[in-house]
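Work through the exercises below with the structure open. Try each task before you read its solution.

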Amino acid sequence: MSKSVAVLRYLARWVPIAVLVGAMAGTASALLLVSLEFATRMREAHGWLIGLLPVAGLGVGQLYYRWGQAVERGNDLILDVIHAEVGQPEQMIPARMAGLVLIGTFLTHLFGGSAGREGTAIQMGASLADQLARPFRLDRRGRRLLLMAGISAGFGSVFGTPWAGAIFGMEVLALEVVTIEAALPCFLAAFAGDATTRAWRVHHTVYLVSGFPGFSAMGLFYAAVAGAVFGFVAIGFVRATHYMSRAFRKRIEFAPLRPFFGGIVVALAVVAAGTTKYIGLGIPGIQAAFVGRVEPWGWVAKLAFTVVTLGAGFKGGEVTPLFYIGATLGNALSWILPLSPSLLAGMGFVAVFAGAANTPIAATLMAFELFGWKAGIFAGVACLFSYLCSGKIGIYRNRRGGTLRALRGQAKA
């Protein structure tokens, strides 16, 4: 078979699959975003709902205890399936993962947990994509590409950043199973997913960065310093979340009771704080960090609320809380570093995520997509140093290796 014929067969096979994956994931993300917007409005209008967070936690726990034990590991399950060696027994991702995580995330946000949405979007995208493996008769290698496309489509569509989504679907695997043939499904699925979400008339939050300094060695040096701080905070978040999860598992044997007691802690903390700014997605707090100075300790509060929420077993994701932590931390660093609060907020927005997820390339592309090229250059430096200072572990436990390590390994090969 000639090379051109092989390429045409590859395109004929993967273009429709990737577009279909994108359409499915984009529709799921649109439903997720609309549901979370509704949940946020309801919670803010009816503050008494936060008092029911322990009951909601018990409900989420029971939901997964009865019907979701096979999919409870979420993103880690997806990564395990992708990393499974050829010849191992097939482990199809149940379609119910999408419905369960959507319901669990909605309840978490409706009743006042502090969580994100990317974990939900990734799980919906990958689980829906995996249902296409048998109809299209994909082998082990084909399923890997299919799941990577689902991850890319979910991430790209939920944030409106298809370039970052495409790279994230490959980079989160430390690039170890990535070949050139993976690029087309991931990019097509990410862009199709984003287009589908927008076609449903679901809009994404716009963040505007202002106060750009001239490009200079000192300016980039300050970006590197800020990146190192972001990296240390990222590893602190990861370790605290993992510790909290282990503590709940060790001390509370019956799984549904973990989010119940975690809900009690979070609800009482909201009452003690006298504000709801640290729960939910925290979008208003993120936006505030881009337009003026905010309280310098807000990122600590958001980190604590999120660690307890996710460690107890509520559903959602880590990335949007990481955006909040990074943006408000960056804003606080403007008291020390001679860069504008808005620019530092944008740098922190992506750099804490880069360090916690070990995905500096995707995070840098996200900065370019969201903030433009000027902020993207400073953010790229911050993402690199955040990644270098954040260590090997990350929010995705079953991710193997790191981006730079994987690139070095591929170069040697």
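Two exercises on pockets follow.

The model is predicted: local features need pLDDT of at least 70, side-chain atom pairs count only at pLDDT 80 or more, and totals for chains, interfaces and linings use all residues. Residues are numbered from 1 along each chain as its sequence is written, and side-chain values use heavy atoms, without hydrogens and water.

**Exercise 1.** Describe the largest pocket (an open set of points on a 1 Å grid where a 1.4 Å probe fits, with protein on both sides within 12 Å along at least five of seven lines).

*Solution.*
1. Take the volume, the space filled by probe spheres set on the points. It is about 800 Å³.
2. Find the lining residues, those with an atom within 4 Å of a point. There are 35, and Glu72, Arg73, Arg249, Leu310 and Lys315 lie nearest the centre.
3. Assign elements, with helices as DSSP runs of H or I, at least four residues. Those giving two or more residues include α2 (53–67), α3 (75–83) and α12 (298–311). The largest share, 5 residues, comes from α9.
4. Sort by class: 13 nonpolar, 14 polar and 8 charged. Here Asp, Glu, Lys and Arg are charged; Ala, Val, Leu, Ile, Met, Phe, Trp, Tyr, Cys and Pro are nonpolar; the others, Gly among them, are polar.

**Exercise 2.** Repeat for the second largest pocket.

*Solution.*
1. Its volume is about 550 Å³.
2. The lining has 27 residues; Thr40, Arg117, Thr205, Leu281 and Ile283 lie nearest the centre.
3. α1 (3–45), α6 (140–159), α11 (283–291) and α15 (360–371) each give two or more residues. α1 gives the most, 7.
4. The classes are 15 nonpolar, 7 polar and 5 charged.
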